[in-house]
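Trainee: Could you walk me through reading a model like this one?
Mentor: Sure, let's take a look together.

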Amino acid sequence: MKLPIYMDNHSTTRVDPRVVDAMLPYFTVHFGNAASRNHSFGWDADKGVEAAREKVAKIIAADSREIIFTSGATESNNLALKGVVEMYAEKGNHIITQVTEHRSVLDTAKRLEKAGINVTFLPVDKDGVVNPDDVIKAITDKTILISIMLVNNEIGVIQPVTEIGEIAKDRGILFHCDATQAVGKVRVDVDMMGIDLLSFTAHKFYGPKGIGALYMRKKNPRVRLSPMIDGGGHERGVRSGTLNVPGIVGFGKACEIAEDEMADESERLVKLRERLRLGIMNSLEEVYLNGHPSRRMPGNLNLSFAYVEGESMLMGLKEIALSSGSACTSATLEPSYVLSALGVSAELAHSSIRFGLGRFNTEEEVDYVIKRVIETVNRLRDMSPLYEMAKEGINLKDVSWKKD
Ligand SMILES: *Cc1c(COP(=O)(O)O)cnc(C)c1O
């Protein structure tokens, strides 16, 4: 086993060596511009792109003509929301989303709100799940778009998108889904789930960074979008710019591998995740699971360790790459907005750690992480006066703190 250990696979993943191999010829041999129609360099690049487009479409059960390549899910989310709002302005000015979406959806929605669009941010329950009835209640005759993610990037919770897709379809409202954490890991089927627009990105499932896609339904209904980037009219005029051919080829290869290996990989990751969860929770008291216990993605574990600062834990676990539930904004440490939305207290949010297991993690690494987490939490709690008081049975809520 080699250190450091990478266990932050929700942030990004290592590129699979098979993906790198597929990409390499497209840098130095088939390096043409896929839009060059007059020579074999262009034709070869275009062939690589179109073969990849088939694979990218297949992983979400779509048609290749419904795939628009972008720079990643952030761009896809921006294009979906802004593109719909501009294109369907005459139909209405209301969109519905929810509070634990990725920043690239929330911040886009907030910008649209400033520009005069009405946005409903639905709440989630204590497990992080949106209630489809809340979606129904939020709909007005001005609603043009519902945007709900498939899998949350902090707590791995799977949203009831099939139900929401049905609601949207019944009322003739477009349904966008940020499926970035789901594609390649859990089955995604745009028809079965009633999805009209879907964002995803290669680097979250062992492909390269800087390449993603937006799925755009072609019929029942045919979705139209105002482009956000103007230029040469690439990608059916929806997204101009010379195609990132090696990236697209790598994206296709990552989809092909996931298609073949997803079932076995999910099973293996659930086992590793449960080994990690039980290994930690059976040896430490006052550890809490964040997010729904069963409606969650295989590789995700998010735990709060009472009386311990997540940031201090990460300092004590420098040889393991993990994420904490605190976001460093310029000067302060803010508790994660996702955990806050679940009703997790600021203290417990600050004491949370996200474990993101992936393809390249081993059982040996999991056992090492269990051992080091237990050691670190015990050491930090031994130094914590709060933990000592709590163990002596003092209710910390009744203590009046003296300021000096
Ligand atoms: C990572 C992530 C994104 C952003 O993807 P990029 O390709 O890095 O822009 C969007 N949504 C979710 C849920 C993510 O996890």
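What follows is a short talk about the chain, its ligand and one loop residue.

Mentor: Ground rules: this is a predicted model, where local features need pLDDT of at least 70, side-chain atom pairs count only at pLDDT 80 or more, and totals for chains, interfaces and linings use all residues. Residues are numbered from 1 along each chain as its sequence is written, and side-chain values use heavy atoms, with hydrogens and water left out.

Trainee: How many helices and strands does the chain have?
Mentor: Helices (H or I, at least four residues) and strands (E, at least two) are DSSP runs, numbered from the N terminus. Here there are 13 helices and 15 strands. The radius of gyration is 23 Å, close to the 22 Å that the globule rule gives for 404 residues, so the chain is as compact as a globular protein of that length. That radius is taken over C-alpha atoms, and the rule is 2.2 Å times the number of residues to the power 0.38.

Trainee: Which residues come nearest to the ligand?
Mentor: A residue counts as near if one of its heavy atoms lies within 4 Å. Of the 14 residues around the ligand, T74, D178, Q181, T201 and K204 come nearest. Helix α4 (residues 73–87) gives the largest share of that shell, 3 residues.

Trainee: And which polar contacts should I look at?
Mentor: A polar contact is a pair of N or O atoms within 3.5 Å; within protein, one must be able to donate a hydrogen and the other to accept it, and residues adjacent in sequence count only if both atoms are side-chain atoms. Ligand oxygen atoms sit 2.6 Å from a side-chain N or O atom of T74, 2.7 Å from a polar side-chain atom of T201 and 2.8 Å from a side-chain N or O atom of H203. The protein covers 87% of the 390 Å² of accessible area that the ligand has on its own, by the Shrake-Rupley method with a 1.4 Å probe.

Trainee: Is S240 buried or exposed?
Mentor: Buried means under 20% relative accessible area, exposed over 50%, partly exposed in between (1.4 Å probe, protein chains only). S240 lies in the loop between β8 (212–216) and α8 (245–281), and its relative accessible area is 4%, so S240 is buried.

Trainee: What does the side chain of S240 reach?
Mentor: The backbone nitrogen of G231 at 3.2 Å, and that of G232 at 3.3 Å.
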